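Open your viewer and keep the selection panel handy. We will move from one selection to the next and look at what is there.

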Amino acid sequence: MVHISERERQLPEQAIEKLIEIMVEDKSILSLGPGEPDFDLPKPLIAQIKRLADKCNHYSPAGGLIELREAICRKLRRDNKITADPENVVVTSGSQEALLLASMSLLDVSEQVLIPNPSYMAFLPTIELLSASPRFFELNEEADFEPSPDEIRKQIDPKKTKVIILNSPANPTGNVLKRKTMEEIADIAIENNLTIFSDEAYEKITYDGAKHISFASLNGMKDRVLTFQSFSKTYAMCGFRLGYVVGSKAAAEAIKKTHIYSTICAPTISQKLGIKALSLPKKYTDAMVKEYDKRRKVIVPRLNEMGLSTPNPKGAFYTFSNVKHLTNDSRRFAFELLKKAKVAVVPGTDFGDAGKGYIRCSFATKLPIIEKALDRLEKFVKNK
Ligand SMILES: Cc1ncc(COP(=O)(O)O)c(C=O)c1O
């Protein structure tokens, strides 16, 4: 029998995996589960793949193709107010690989990482896989899920804490960090000599004029922040697995070294497609955001009307609804909803124990499906 490592055995089991298994079998289920855009690839990118097909059979340098890193640096300067050279950038197979490589490169065993609770489901397992030590700061609905700098400060162990992970726009809460909060957290990072991991995968998906600010653009923060960005959501390129991390030259060098021992480099065809994607006019992403916004304006009021308190997300494409008046057991709620009403949602506890009594619905799904799923959800809630 193979031996499964203790680390692996300790990894949390996500309800979403089981939900997906059930959904694959039962086609009558309507899903508000997806974490990826439901849009096709922008047309110019489809044409580009055809042109590239026979030209990408070689590895690229571990840090990524120089043309892509140069294009990323231009984008960072223009869109994120981050000044970077190609040596500051490592291109990876999705931003999630960058998060894993950065954690491997920067953290020693038992060093502490502060994680928002609830937050994106990969943060905690990434830290646990490396036998580093997670510590949580809670996000509250009453504060629109904005992190509290005081709470962060309380969780810091001056000897052990090394990294704070932040994600804005946030999955699953839809919060977009305010500049004032960021500045206070930046001060905490400087006082305690901490690095910030800033996950900006949804940077282009914001609503109602909410402005995404890159942490590394704040005064004095450039070398203290690792910025994780992605092509997945901005260009509906999830399947191409393309992302990158930007940080100090020392950090990028270490991450590049680790990259050689993991996947060597991001797929060359995806990198070449990334160059083309960065040259596209804004209209392709704007059209997707406009459509998400239309759906947001349907889904949020309806959830609130059926008694599920749901803050208006300022970014990303998820709602995070309070079902505590019905149950605190989000997992059970999600499985019952699936079984009785044939609607898939993700239990809040998949994002941390502070997600107890919440469910996440994605609006990266066509509007008629969302509306039908909401009708079923409403009936289910009424009968509960
Ligand atoms: C907050 C967050 N970060 C990172 C990722 C992973 O993105 P990528 O496809 O770039 O690995 C996701 C995917 O859903 C996400 O929600």
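Select A15, K18, L19, I22 and M23 in α2, then add R331, A334, F335 and L338 in α12: these residues meet, contact here meaning heavy atoms within 4.5 Å. This is a predicted model, in which local features need pLDDT of at least 70 and side-chain atom pairs count only at pLDDT 80 or more, while totals for chains, interfaces and linings use all residues. Residues are numbered from 1 along each chain as its sequence is written, and side-chain values use heavy atoms, with hydrogens and water left out.

Now show both helices in full, α2 as residues 15-25 and α12 as residues 330-341. Helices (H or I, at least four residues) and strands (E, at least two) are DSSP runs, numbered from the N terminus. The two axes come within 11 Å and cross at roughly 5 degrees; axes are lines fitted to C-alpha atoms, for helices over the stretch in contact, and angles run from 0 to 180 degrees between N-to-C directions. α2 and α12 are therefore roughly parallel to each other (angles under 35 degrees count as roughly parallel, over 145 as roughly antiparallel, 65 to 115 as roughly perpendicular and the rest as oblique). Colour the contact by class and you get seven nonpolar, no polar and two charged residues. Ala, Val, Leu, Ile, Met, Phe, Trp, Tyr, Cys and Pro count as nonpolar, Asp, Glu, Lys and Arg as charged, and the others, Gly among them, as polar.

Next, select α11 (283-305) and α13 (367-382), whose axes come within 11 Å and cross at roughly 5 degrees. That makes α11 roughly parallel to α13. On the α11 side, pick K294, R295, V298, I299, R302 and L303; on the α13 side, L367, I370, E371, L374, D375, L377 and E378. This contact divides into seven nonpolar, no polar and six charged residues.

For another helix pair, turn to α5 (94-106) and α9 (249-261). How do their axes cross? They cross at roughly 110 degrees and come within 9 Å, which makes α5 roughly perpendicular to α9. Show E97, L101, A102, M104 and S105 of α5 with A254, I255, T258 and H259 of α9 to see the contact. By class, five of its residues are nonpolar, three polar and one charged.

Stay with α5 and bring up the ligand: α5 gives the most to the surrounding shell, with three residues. Of the 14 residues around the ligand, S95, D199, S230, S232 and K233 come nearest (a residue is near a molecule if one of its heavy atoms lies within 4 Å of it). The shell has three nonpolar, eight polar and three charged residues.

Which distances are worth displaying? Polar contacts are pairs of N or O atoms within 3.5 Å. Polar side-chain atoms lie 2.9 Å from a ligand oxygen for N171 and 2.7 Å for Y202, while an N or O atom in the side chain of S232 is 2.6 Å from a ligand oxygen. Taken alone the ligand exposes 400 Å², of which the protein buries 93% (Shrake-Rupley areas with a 1.4 Å probe).

From N171, step along the backbone: a cis peptide bond joins N171 and P172, with omega about 10 degrees. P172 lies in the loop between β5 (161-167) and α8 (179-191). Then select N117 and P118, where the peptide bond is cis, with omega near 5 degrees; P118 sits in the loop between β3 (112-117) and α6 (123-129).

Finish at S110, in the loop between α5 and β3. S110 is not a glycine, although its phi is positive, about 70 degrees.

How values were computed
A polar contact is a pair of N or O atoms within 3.5 Å; within protein, one must be able to donate a hydrogen and the other to accept it, and residues adjacent in sequence count only if both atoms are side-chain atoms.
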